[in-house]
Amino acid sequence: MVQFNIGVGGGMAAAILAALAYLPVTHRDKTLWHSALKTVPVAVCAMIAMTQSAPGLLVAGLALSALGDWALSRPFERAFMAGLVSFALAHLCYLGLFSGLVETWRILPALLLIGFALSSELWLAPFTGDLRWPVRIYVGLICAMAVAALSLPDLYRMASVGALLFMASDLILALQMFRMSAGTKRARWAGYALWTLYILGQMAILFAFVALKPAA
C-alpha cells in the first residue's frame with residue numbers, strides 16, 4: 001500500500017507553471033532570459049527531490065539535467081557538448097538508481113531497446129558528422145537506462161513511464177537536430193513536443209520517488 005505525499009504538491013505545481021511559461025518560447029533566440037526560463041522547471045524538481053530526502057542519484061540526475069537544459073539553450077558549440085555530457089551523466093545516475101531497485105530483469109524490453117539502439121546506425125548516425133561517437137554513446141546510455149526502468153518493481157512503475165517519455169523526447173530532439181531543417185514549422189512543432197515529453201518524463205520519475213511513499 002502507498003499513500004500520496006502532499007508535501008511536494010506546491011513545488012511540482014511551480015515546476016509545471018515554469019514549464020508552461022517556457023513552452024511558447026522554445027523556438028526563440030537563445031538569450032540569457034530564455035536559458036534561465038528553460039532551466040527553472042527541472043531545477044525546481046531537483047530541489048524538491050533534495051528537500052524530500054530522495055535518493056542521491058535522483059537528486060544528481062535532476063541537477064545534471066537542469067545543467068544540461070542551461071547548456072543546450074546557449075548558442076555555443078562547447079555549450080552543446082557540455083549539455084550532451086550533462087545529460088549522459090544524468091542517464092548514468094538514473095541507470096544506477098533504477099538498477100539498484102531491479103529484482104528481475106525483463107528480457108523482451110532489453111531486446112527491443114538493443115534493436116532500437118542498433119537501428120540508429122541507419123537513421124541517425126550517418127547524419128551526425130563529427131558528433132557520431134558522442135551520439136552513439138548517448139543512445140547506448142539512454143537505452144540502458146530505459147531497460148533498467150522497464151524492469152523496476154510495480155511500486156516504481158511511474159518511473160518506467162517517465163523513462164520512456166524522456167527517451168521519446170530525446171528521439172524527437174535527435175530528429176530535430178540532425179534530420180530537420182532549422183526554423184521550419186515541422187522543427188518548431190518538434191520543439192513543443194520534445195519539451196512537453198521531457199518535462200512530463202522528469203516529473204514522472206520524480207513522482208515515483210517522492211510523491212508516493214509506503215503507508216505507515
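Leaving aside its neighbours within four places in sequence, which residues is serine 169 in contact with?

## Serine 169 and its partners

This is a predicted model, and the contacts of serine 169 are a handy way into it. Once neighbours within four places in sequence are set aside, serine 169 touches Leu194, Leu197 and Tyr198. Serine 169 itself is part of helix α7.

Its relative accessibility comes out at 3%, so serine 169 counts as buried, the limit being under 20%. One of its contacts, Tyr198, turns up again among the aromatics, and another, Leu194, at the pocket.

## Following tyrosine 198

Take tyrosine 198 next. A search through the whole structure turns up 11 aromatic pairs. One of them joins phenylalanine 87 to tyrosine 198, edge-to-face, with 5.9 Å from centre to centre and 80° between the planes. Because phenylalanine 87 belongs to helix α4 and tyrosine 198 to helix α8, this pair ties together parts that are 111 residues apart in sequence. Both rings are tucked away: phenylalanine 87 is buried, at 6% relative accessible area, and tyrosine 198 is buried too, at 4%.

Tyrosine 198 also pairs with tryptophan 195, this time tilted, at 5.8 Å centre to centre and 40° between the planes. Here the two partners sit in helix α8, three residues apart, or about one turn of the helix. Tryptophan 195, like tyrosine 198, is buried.

Step back a little and these rings belong to one aromatic cluster, made up of Tyr22, Phe87, Tyr94, Phe98, Tyr156, Phe166, Trp195, Tyr198 and Phe209.

## Charges over rings

Two arginines are worth a look as well. Arginine 179 lies over the face of phenylalanine 127, 4.0 Å from the ring centre. Arginine 74 does likewise with tryptophan 70, at 5.7 Å from the ring centre.

## The largest pocket

Now for the open space. The volume of the largest pocket is about 1100 Å³. Its lining takes in 43 residues, and those nearest the centre are Lys38, Leu173, Gln176, Met177 and Leu194. Leu194 is also one of the contacts of serine 169.

Which helix gives the most to the lining of the largest pocket? That would be α7, with 10 residues; serine 169 is found in this helix. At least two lining residues come from each of α2 (32-51), α3 (56-72), α4 (77-99), α5 (107-123), α6 (132-150), α7 (157-179) and α8 (185-210). Sorted by class, the lining holds 26 nonpolar residues, 10 polar ones and seven charged ones.

Note on methods
Residues are numbered from 1 along each chain as its sequence is written. This is a predicted model: local features need pLDDT of at least 70, side-chain atom pairs count only at pLDDT 80 or more; totals for chains, interfaces and linings use all residues. Side-chain values use heavy atoms; hydrogens and water are left out. On a 1 Å grid over the protein atoms alone, a cavity is a set of points where a 1.4 Å probe fits but cannot get out, and a pocket is an open set with protein on both sides within 12 Å along at least five of seven lines; lining residues have an atom within 4 Å of a point. Grid points are joined across faces, edges and corners, and a volume is the space filled by probe spheres set on the points. Helices (H or I, at least four residues) and strands (E, at least two) are DSSP runs, numbered from the N terminus. Ala, Val, Leu, Ile, Met, Phe, Trp, Tyr, Cys and Pro count as nonpolar, Asp, Glu, Lys and Arg as charged, and the others, Gly among them, as polar. Buried means under 20% relative accessible area, exposed over 50%, partly exposed in between (1.4 Å probe, protein chains only). Contact means heavy atoms within 4.5 Å. Rings of Phe, Tyr and Trp (its six-membered ring) pair if their centres lie within 6.5 Å; planes under 30 degrees apart count as stacked, over 60 as edge-to-face and the rest as tilted. A charge sits over a ring if NZ of Lys or CZ of Arg is within 6 Å of the ring centre and within 35 degrees of the ring normal.
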